[in-house]
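Please work through the following exercises with the sequence and the model open side by side. Each one sets a task and then solves it step by step.

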Amino acid sequence: MHSIEFKRKLYKRGSSFETTIPMPLLFALDKDRKHNVVFSFDPQTNKWYLKFEQIKKESVEDKIK
């Protein structure tokens, strides 16, 4: 099995940093729904993992629209 790598630049925004999520990682998501990206770190393997969770509850901003 081949390993796939993605590199993304970190952007400073105020007192935090942001990055983008590559579209190939989002292929299975329903783009009409909102999702959270959950970053988890496994100290035993020293690796980061991504998980996508669908947001089920509407935010105040969604209700205003």
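**Exercise 1: the paired strands**

In this predicted model, phenylalanine 39 has leucine 50 of β4 as its bridge partner. Starting from that pair, determine in which sense β3 and β4 pair, and over how many bridges.

Solution. First, locate the two strands: β3 covers residues 35–42 and β4 covers residues 47–54. Next, follow the bridges between them, which show that β3 and β4 pair in the antiparallel sense over eight bridges. Finally, place the hairpin in the whole chain, which contains one helix and four strands and which, read along the sequence, follows the pattern β-β-β-β-α.

**Exercise 2: the turn of the hairpin**

Find which residue in the hairpin of β3 and β4 takes a positive phi, and state how many residues lie between the strands.

Solution. Begin with the connection itself, where four residues lie between the two strands of the hairpin. Within this loop between β3 and β4 sits asparagine 46, whose phi is near 60°, a positive value in a residue other than glycine. As background for judging that value, most residues other than glycine have a negative phi. To complete the description, asparagine 46 counts as exposed because its relative accessibility of 59% is over the 50% cut-off.

**Exercise 3: a nonpolar patch on the surface**

Identify which residues make the nonpolar surface patch of about 800 Å², and decide which strand gives the most to it.

Solution. The members of the patch are Ile4, Phe6, Leu25, Val37, Phe39, Phe41, Trp48 and Leu50. Assigning them to strands shows that β3 and β4 each supply at least two residues, and that β3 gives the most, with three. The bridge partners phenylalanine 39 and leucine 50 are both among the patch members. For a wider view of the surface, the chain exposes about 6,700 Å², of which carbon and sulfur atoms supply 55%, while buried residues make up 3% of the 65 residues.

**Exercise 4: the aromatic pair**

How many aromatic pairs does a search of the whole structure find, and what is the geometry between phenylalanine 41 and tryptophan 48?

Solution. The search of the whole structure finds one aromatic pair. Phenylalanine 41 and tryptophan 48 form a pair with 5.1 Å from centre to centre and 50° between the planes. Such a pair counts as tilted because planes under 30 degrees apart would be stacked and planes over 60 would be edge-to-face. Turning to the surroundings of each ring, phenylalanine 41 lies in strand β3 and is partly exposed, with a relative accessible area of 38%, whereas tryptophan 48 counts as exposed at 59% relative accessibility. Both residues also belong to the nonpolar patch of the preceding exercise.

**Exercise 5: the salt bridges**

List the three salt bridges found in a search of the whole structure, and classify their residues as buried, partly exposed or exposed.

Solution. Take the bridges in sequence order.

- The side chains of arginine 13 and glutamate 18 meet with 3.0 Å from N to O; arginine 13 is exposed, with a relative accessible area of 54%, and glutamate 18 is partly exposed at 34%.
- Aspartate 30 forms a salt bridge with arginine 33, their closest N and O atoms being 3.3 Å apart; aspartate 30 is partly exposed at 36% relative accessibility, as is arginine 33 at 46%.
- Lysine 51 forms a salt bridge with glutamate 53, their closest N and O atoms being 3.7 Å apart; lysine 51 counts as partly exposed at 46%, and glutamate 53 is partly exposed at 35%.

**Exercise 6: contacts of a loop lysine**

Determine where lysine 31 is found, and which residues it touches when those up to four places away in sequence are not counted.

Solution. Lysine 31 is found in the loop between β2, residues 16–18, and β3. With residues up to four places away in sequence set aside, lysine 31 touches Met23 and Leu26. Its relative accessibility of 48% places lysine 31 in the partly exposed class. For the chain as a whole, residues 24 or more positions apart account for 10% of the contacts with a separation of 6 or more.

Notes:
Residues are numbered from 1 along each chain as its sequence is written. This is a predicted model: local features need pLDDT of at least 70, side-chain atom pairs count only at pLDDT 80 or more; totals for chains, interfaces and linings use all residues. Side-chain values use heavy atoms; hydrogens and water are left out. Patches are made of residues with over 30% relative accessible area and no salt bridge: like charges are joined within 9 Å, nonpolar side chains (Val, Leu, Ile, Met, Phe, Trp, Tyr) within 5 Å. Accessible areas come from the Shrake-Rupley method with a 1.4 Å probe; for residues, only the protein chains shown count as cover. A salt bridge is a side-chain nitrogen of Lys or Arg within 4 Å of a carboxyl oxygen of Asp or Glu. Buried means under 20% relative accessible area, exposed over 50%, partly exposed in between (1.4 Å probe, protein chains only). Contact means heavy atoms within 4.5 Å. Rings of Phe, Tyr and Trp (its six-membered ring) pair if their centres lie within 6.5 Å; planes under 30 degrees apart count as stacked, over 60 as edge-to-face and the rest as tilted. Two strands pair if DSSP finds at least two bridges between them.
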